[in-house]
Amino acid sequence: MNLIIFGAPGAGKGTQSAHLIEIYRIPAIATGDMLRAQRRAGTALGDQVKGYMDRGELVPDQLMIDIIKERLQKPDARDGFILDGFPRTVAQARALDEMLTQLGRRIDAVIYLRVSRQVLIDRLSHRYSCRTCEAVYNFTSDQAHSLPRCTVDGGELYQRPDDKPEIVANRIDVFLKHTAPLIDYYNAQHKLENLDGQMLVDDVRGDIARRLAGLRKGAGSR
Ligand code: AP5
């Protein structure tokens with residue numbers, strides 16, 4: 001399975017790709033996580049992308065295309081992948097189609113998690129992440145006064161700088177302007193699976209599993 005999980009900031013892409021990794025045993029390639037790892041490591045790329053990310057803007061297309069081109073050629077992506085956070089513009093989607101064609105591969109499905117603006121803002125205002133492994137937690141503002149350590153690796157929990165309300169508002173606007181056109185792009189390719197991302201996490205997971213099982217059955221009977 002070569003999948004894209006797609007949706008606005010806070011739609012649940014990371015949450016659902018964690019489940020998909022277990023089902024399909026393929027890597028999740030999350031561009032936001034990759035960029036944050038570069039920043040933590042203090043690389044030149046990390047420095048280059050910092051301003052864009054902290055303002056909630058998109059990193060330039062060519063930079064992202066080069067990162068994905070290199071990542072898709074790694075051995076662990078040979079049997080499939082889940083792209084989380086890429087593509088984010090029509091130019092990135094076209095470049096992805098081209099690079100996959102060159103590799104003799106194609107995207108099987110694009111899972112679109114549909115979530116309203118108010119729910120996105122609410123979710124991101126409660127999200128805390130582990131500084132080292134990016135595991136996600138949810139706390140109310142009262143609970144956030146004494147945050148525990150990460151249960152996975154004991155790392156410090158923090159609120160991403162781009163989860164501040166004014167930056168979240170910009171990220172959603174950027175999504176609507178630059179990324180939402182991909183709904184038409186992938187609809188035209190008959191690859192879009194349009195889901196209600198506001199259901200409970202387990203219900204979203206169940207819906208994704210059913211749709212992907214349907215795709216596999218369809219492919220098997222052809
Ligand atoms: P990135 O890290 O990709 O951020 P994002 O797309 O804005 O997505 P998020 O990680 O905020 O949300 P998510 O959908 O994964 O939600 P999650 O599962 O955590 O990108 C960051 C930045 O990097 C960008 O702004 C840009 O600058 C740059 N960048 C990255 N890729 C790029 C590209 N290709 N081109 C250019 N620039 C790029 O869930 C959110 C919260 O909701 C959690 O607390 C979770 O527990 C909760 N939740 C999830 N599902 C549910 C549910 N069903 N019900 C209730 N709560 C739920």
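Between which strand and which helix does the loop that holds Arg-160 lie? In this predicted model, Arg-160 is placed in the loop that runs between strand 7 and helix 7, the helix spanning residues 165-179.

## Arg-160 and its surroundings

With a relative accessibility of 10%, Arg-160 counts as buried, because the limit for that class is under 20%. Leaving out residues up to four places away in sequence, Arg-160 touches Arg-36, Arg-127, Ser-129 and Arg-171. Closer along the chain, the side chain of Arg-160 makes a polar contact of 3.0 Å with the side chain of Asp-162.

Arg-160 and Glu-22 are separated by 138 residues in sequence, and their C-alpha atoms lie 26 Å apart in space.

## Arg-127 and the sheet

Arg-127, one of the residues that Arg-160 touches, is found in strand 5, which covers residues 127-130. Arg-127 also counts as buried, since its relative accessibility is 14% and the class takes in values under 20%. The side chain of Arg-127 is joined to that of Asp-163 by a polar contact of 3.0 Å. Apart from residues up to four places away in sequence, the residues that Arg-127 touches are Val-136, Tyr-137, Asn-138, Gln-159, Arg-160, Asp-163 and Arg-171.

Strand 5 belongs to an open sheet of 3 strands, in which the order is 6-5-7 and the pairing is antiparallel. Strand 6 and strand 7, the latter comprising residues 157-158, are the edge strands, each of them pairing on one side only. Strand 5 and strand 7 run antiparallel and are joined by 2 bridges; Cys-130 has Leu-157, in strand 7, as its bridge partner. In general, the strands of a sheet pair through backbone hydrogen bonds, in either a parallel or an antiparallel manner.

## The ligand and its shell

The ligand is surrounded by 32 residues, of which Thr-15, Glu-57, Arg-88, Asn-138 and Arg-171 come nearest. Asn-138 and Arg-171 are also among the residues that Arg-127 touches. A polar side-chain atom of Asn-138 lies 2.4 Å from an oxygen atom of the ligand, while a polar side-chain atom of Arg-123 is placed 3.3 Å from a ligand nitrogen atom. For Met-199 the backbone is involved, with an N or O atom lying 2.8 Å from a nitrogen atom of the ligand. Taken alone, the ligand exposes 1,100 Å², and the protein buries 91% of that area.

Helix 1 (13-24), helix 2 (31-40) and strand 6 (136-138) are the elements that give two or more residues to the shell around the ligand. Helix 2 supplies the largest share, with 4 residues. By residue class, the shell divides into 13 nonpolar, 10 polar and 9 charged residues.

## Asp-79, an exposed loop residue

Where does Asp-79 lie? Its position is in the loop between helix 4, residues 61-72, and strand 3, residues 81-84. Asp-79 is classed as exposed because its relative accessible area is 65%, and the exposed class requires over 50%.

Once its neighbours within four places in sequence are set aside, Asp-79 is in contact with Met-1, Ile-26 and Arg-105. The C-alpha atoms of Asp-79 and Pro-27 lie 9.3 Å apart in space, although 52 residues separate the two in sequence.

Conventions: Residues numbered from 1 in each chain as written. Predicted model: local features only at pLDDT ≥ 70, side-chain atom pairs only at ≥ 80, totals over all residues. Heavy atoms only, no water. Near = heavy atom within 4 Å. Polar contact = N/O pair within 3.5 Å; in protein donor to acceptor, adjacent residues only side chain to side chain. Areas by Shrake-Rupley, 256 points an atom, 1.4 Å probe, with all protein chains shown as cover. Nonpolar A, V, L, I, M, F, W, Y, C, P; charged D, E, K, R; others polar. Buried < 20%, exposed > 50% of the residue type's maximum accessible area, 1.4 Å probe, protein only. Contact = heavy atoms within 4.5 Å. Pairing = 2+ DSSP bridges.
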